[in-house]
Amino acid sequence: MAEKLKSAEMTPGPGFMIRNNFPRPPKEVIEGYAEFETADVSDSLNRLYAMNGEIRNLSNDKDLLGPALTVKLYPGDNLMIHKTLDIAKPGDVVVVDCSGAMTNAVFGDLVANKATYRGIAGFIIDGLIRDLPGVQETGMPVYARGVTPFGPLHRGPGEINTPISCGGVVVHPGDIIKADKTGIAVVPRDYGSEILERLRASKARQAAYVEDVKRGIFSNAWVEDQLRSTGCAFND
C-alpha cells in the first residue's frame, strides 16, 4: 500500500538551508559608521535603505552597529534563531525576517542571554519578542515591532544567511547595520567603503550649514524655486 503523501514534509534547499560563512566588511569600515547618525547614512543612500520606523529598540537606548547575519523564519517558529548562536561571530547583528507574522514572539530572555555570552552585538527583528524584563537585564540592544507573551515553536523550516526582507529593506549577509534612536539604516556590503567616504566628505560642510541655520543664517528661496519649476499654482 502506498504511503500517504506528507504534504508538510521539509526538504533541503530553498526555504530550509543554512550558509555558515559569508564575507564581512573590514573592521575599520564598519567602525567608521559609528561617528554618523542613521539619518545621515540613509540620506547618503538616496533614502532607500532605512527600515520601517515601527521597528525600534525595546530593550534599552543603545545604538547598534555591525555586519548582518540574516535569518528567515517560518511564521511563529524560531528554530533558526537558536541555530544562529552557533554561527554568529562576535560583533554580528542578527537580522530576522519573520515572514510577516505578528502573532508569536520569536525572541526572549534565554536567547538574549546565550547571544550575549557568544558576543553577538544585537538583534533586529521584523516581528515580536517576549520576556522583556529578562531581555533588558542582558543589556543587549534588541530592535523589534512589539512584545507578546505568546511563544514560538522550534521546528523550522527557515534559512540562515540568505537575502531577506526586514522592515521593507532587502538585507544581505554582511551588509552593515547602523541603528540608533532615529531608526535603522542598511548599507550594502559592497558599497560600505564608498558610502563611508561620501559621508566623511560631506561631514564638515553639513556641520557648517547646521550651525548657520541655528544662528538664523539661511535662505528658503529654494522652496519657491522648486514649486515654481514644477508648475505649482499660487493664489491669494
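Q: Where does Ser99 lie in the chain?
A: In this predicted model, Ser99 lies in the loop between β4 and α4.

Q: Why is Ser99 called partly exposed?
A: Ser99 has a relative accessible area of 32%. Buried means under 20% and exposed means over 50%, so a value of 32% puts Ser99 in between, as partly exposed.

Q: What makes the phi of Ser99 stand out?
A: Its sign does. Ser99 has a positive phi of about 55 degrees, and it isn't a glycine. Most residues other than glycine have a negative phi.

Q: Which residue in the loop between α2 and β2 has a positive phi although it is not a glycine?
A: That's Arg47, with a phi of about 65 degrees, and it sits in the loop between α2 and β2.

Q: How do you know whether Arg47 is buried or exposed?
A: Look at its relative accessibility, which is 60%. Exposed starts over 50%, so Arg47 counts as exposed.

Q: And what about Ser42, buried or exposed?
A: Ser42 comes out at 10% relative accessibility. The cut-off for buried is under 20%, so Ser42 is buried. Ser42 is part of helix α2, residues 38–44. Leaving out residues up to four places away in sequence, Ser42 touches Arg47, Ala50 and Ala185.

Q: What makes Ala115 count as buried?
A: Its relative accessible area is 0%. Anything under 20% is buried, so Ala115 qualifies. Ala115 belongs to helix α4, residues 109–118. Not counting residues up to four places away in sequence, Ala115 touches Leu85, Ile120, Phe123 and Met140.

Q: How do you know that Cys98 has no disulfide to Cys166?
A: Check the sulfurs. A disulfide needs two cysteine sulfur atoms within 2.5 Å. The sulfur of Cys98 is 7.9 Å from the closest cysteine sulfur, which is in Cys166, so that's too far for a bond. The whole structure holds 0 disulfides.

Q: Which label, buried or partly exposed, goes to Cys98 and which to Cys232?
A: Cys98 has 3% relative accessibility, which is under 20%, so Cys98 is buried. Cys232 has a relative accessible area of 38%, between 20% and 50%, so Cys232 is partly exposed.

Q: Why is the pair of Phe107 and Phe123 called tilted?
A: A search of the whole structure finds 1 aromatic pair, and here it is. The ring centres of Phe107 and Phe123 are 4.5 Å apart, and the limit for a pair is 6.5 Å. Their planes are at 50 degrees. Under 30 degrees would be stacked and over 60 edge-to-face, so 50 degrees is tilted.

Q: What does that pair tie together?
A: Phe107 lies in the loop between β4 and α4 and Phe123 in strand β5, so the pair ties together parts that are 16 residues apart in sequence. Phe107 and Phe123 are both buried.

Q: Which residues of helix α3 are buried, and what covers them?
A: The buried residues of α3 are Met80, Ile81, Thr84, Leu85 and Ile87. Their cover includes β1, β3, β4, α4, β5 and β9.

Q: What makes the bond from Gly156 to Pro157 a cis peptide bond?
A: Its omega is near 0 degrees, and the bond is cis. Most peptide bonds are trans. Pro157 is in the loop between β8 and β9.

Technical notes: Residues numbered from 1 in each chain as written. Predicted model: local features only at pLDDT ≥ 70, side-chain atom pairs only at ≥ 80, totals over all residues. Heavy atoms only, no water. Buried < 20%, exposed > 50% of the residue type's maximum accessible area, 1.4 Å probe, protein only. Helix = DSSP H or I, 4+ residues; strand = E, 2+ residues; numbered from the N terminus. Contact = heavy atoms within 4.5 Å. Phe/Tyr/Trp six-rings, centres within 6.5 Å; stacked < 30°, edge-to-face > 60°.
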